[in-house]
Every structure is written in C-alpha cells, then in structure tokens.
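Please look over the model shown here before reading the points below. They are arranged by topic, from the strands to the ligand and then to a pocket.

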Amino acid sequence: MINRLAVIGVGLIGGSLSLALKEAGKVKEVIGYARSESVRQEALELGVIDRAADSIADAVNEADIIFLAVPMAAMGSVLEELLPHVKADAIITDGGSAKGQLVDIARNIMGEQLGQFVPGHPIAGTEKSGPSAAFSTLYKDHRVVLTPIDETNSSAVETVTAMWQATGADVYEMDVQHHDVVLAATSHLPHVLAFNLVGMLAERDDCDEVLHYAAGGFRDFSRIASGDAVMWRDICLSNSDAILGLIQQYKQGLSKLEDAIKSQDGDTLKAVFESAKQARDTRFK
Ligand code: NAP
C-alpha cells in the first residue's frame, strides 16, 4: 500500500495511474500538481486526485512515490525543482515516452538521490489529453517498461514494479538505449508518418473531398495523427537519434517501392507486401 503518491502532471498518463491505484485500493492519498489552476481543479473535481497542490514542493514533500507525467521537455526541470523537497527514501519514477535524455539529466542532477529514480514508460495511451481523458483501466493488460540503470536501487525497482502490477499491467525491464530504439520503431516513427501523411493531405486544395472518401484503413492509420502536438514534438526531440535512424531506413524502403512502381516491377511490390503481411499476421492475431 502506498501511503502518499504525488502525481506531477495529472493528464491521461498521470491521472490514469492515480485512478487505477485508487480503484485497486493500493494508495491512501494522491496529491496532484499541474501548472494551471483550472487543470488541478478539474482533476480534483473528477476524483482523479484527492488533493491538488499549488506547488511542486507542496506536492512532493511528504510523498512516498512521485510519478512524473509531464511532457518530455518539462521532465528535467520538474525533476530538478522537486529534488530539494523530497523525503530521503521517496521513490521517483516517470511515464515519459523516451528514456535516454531523461536518464542523462537525472545522472547530472540527482547525485545521491539517483538510486531512488526508476525510469519507466507505460506502453498504453490514447490520442486524448488532460484529466478528463484519464481512466482507471488504461494500463490493464498493457506493458510497462522500466529501464533501471546500474545505480538504481533494486528495492525501488521492486516497489515501482508492484505499483504498476496493481494497475493490471505486465511489467518488463529493458536497457535504456534499447527501449528508445524499440519505441522509436513501434510508436515514434509511426506517429511521424501519420502526422506527415495527414498534414500532406490537409495542404491539398481538394483535401475535404479526398478525406470525404477515406475508408476504414485511412481512419485506422491516421488516428494517431490526433495525438497532442506538444507531446509528440517533445518525444521527437528527446529521442531524435533513434527516430532519425529509422527515418533513414524508412526512406530506403520507400525508395525501393517508388522504383518498383516506376518500373512496373510487380514482383518486388508483391514480395515486399507479402513479407509485411506475413510479419503482421503472425504477430497480431
Ligand atoms: P497530458 O494528458 O497532456 O497531461 C500532461 C499534464 O502535465 C497536464 O496535467 C499538464 O497540465 C501537466 N504539465 C505540463 N507541463 C507541466 C510542467 N512544466 N509542470 C507541471 N505540470 C505540467 O499528457 P499525457 O498524455 O498524460 O503525457 C504525459 C507523459 O506521458 C508524456 O511525457 C508522454 O510522453 C508520456 N506518455 C504518453 C502516452 C500517451 O499515449 N499519451 C503514452 C505513454 C507515455 P498543465 O498544462 O496545466 O501544466
């Protein structure tokens, strides 16, 4: 049982963790913080948190676990601001979508507190944001990846693992860099592609007509282009190396398809499509 959980950033990810732990009866009190008073009040009124703090210091000073769920670009400054106010044995963890840059920041600023930091990433989400988007079952049967580093205390990892398991999630551990490459491939690159495709179509004069005829496949593929622009900007900038590597690889694949279409090379097209179909059909039933 967690006595006091501080959630910094009470939107989809932070709010859903709070709701899940409250519903499971695994937390006594959740204190939430967001910069805007209106967001804090909304989270309080929706029952996402038990108490709204009006400063980061007030949110964390008696917390046993502190969960950071702010956009990636704000993680470092939030971490720096809260450090002087946390209890010595408090555990700090996060739900940020990329891990390398934040771990570098933590190494630079946390000193002896570094052992209490457990980097993490729930592989669950929707394209909605804010406290009203939070729901208690977001993490049920989803994966959560923790990326502890050499300095991380194993007891802190155990506590954070148990916290996520209480939400119904399956918890995995991964090396920081490996996490960032894997997530760039499965999440960050697909978002870049979807934003680019929808943005490209939106610039056409006949956009309304084109989208009028969009069928289910386009809706499926383009759904993730409804994600929050600030959040996705921050993810791209904080995991740039891995994403750029994959964009290069993707461009090579696209060129191969372009050449095959130009030269009417149906065999190449069929081979690429069959291989992709087989890869998807065997892994996603
Ligand atoms: P969200 O719904 O937009 O919530 C973000 C929250 O952070 C809001 O309460 C916002 O309120 C607060 N916030 C923003 N900047 C802040 C700052 N400088 N100090 C304190 N609070 C701040 O975003 P989310 O979808 O929950 O994403 C949160 C994190 O989870 C991100 O790092 C994201 O990469 C990660 N993540 C997202 C998903 C997803 O699918 N959405 C999945 C996995 C991981 P104010 O604006 O009022 O401050």
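The numbered points that follow take up strand pairing, the ligand site and one pocket.

1. Basis of the note. This is a predicted model, in which local features need pLDDT of at least 70 and side-chain atom pairs count only at pLDDT 80 or more, while totals for chains, interfaces and linings use all residues. Residues are numbered from 1 along each chain as its sequence is written, and side-chain values use heavy atoms, with hydrogens and water left out.

2. The open sheet. With helices (H or I, at least four residues) and strands (E, at least two) taken as DSSP runs numbered from the N terminus, and two strands counted as paired if DSSP finds at least two bridges between them, 6 strands make an open, parallel sheet in the order S3-S2-S1-S4-S5-S6. Strand S3 (51-52) and strand S6 (117-118) each have a single partner strand, so one side of each is left without a neighbour in the sheet. Within this sheet, S1 (residues 2-8) runs parallel to S2 (residues 27-33) and is joined to it by 6 bridges, with Gly32 of S2 as the bridge partner of Val7.

3. Strands S7, S8 and S9. Strand S8 (residues 143-146) pairs with S7 in the antiparallel sense over 4 bridges, and Val144 in S8 is the bridge partner of Pro122. S8 also pairs with S9 (residues 170-173), here in the parallel sense and over 4 bridges, where Leu146 stands opposite Glu173.

4. The shell around the ligand. Counting residues with a heavy atom within 4 Å, there are 29 around the ligand, of which Arg35, Ser36, Val70, Ser97 and Gly130 come nearest. At least two residues each are supplied by helix H1 (12-23), helix H4 (72-82), strand S7 (120-123) and helix H10 (229-238), and the largest share, 4 residues, comes from H4. If Ala, Val, Leu, Ile, Met, Phe, Trp, Tyr, Cys and Pro count as nonpolar, Asp, Glu, Lys and Arg as charged, and the others, Gly among them, as polar, the shell has 17 nonpolar, 11 polar and 1 charged residues.

5. Polar contacts of the ligand. Taking a polar contact as a pair of N or O atoms within 3.5 Å, an oxygen atom of the ligand lies 3.0 Å from a backbone N or O atom of Leu12; a ligand oxygen is 2.8 Å from an N or O atom in the side chain of Arg35, and a ligand oxygen is 2.7 Å from a polar backbone atom of Val70. Of the 890 Å² that the ligand exposes when taken alone, the protein buries 88% (Shrake-Rupley method, 1.4 Å probe).

6. The second largest pocket. On a 1 Å grid over the protein atoms alone, with a 1.4 Å probe, a pocket is an open set of points with protein on both sides within 12 Å along at least five of seven lines, and lining residues have an atom within 4 Å of a point. The lining here has 18 nonpolar, 4 polar and 6 charged residues.

Technical notes:
Polar contact = N/O pair within 3.5 Å; in protein donor to acceptor, adjacent residues only side chain to side chain.
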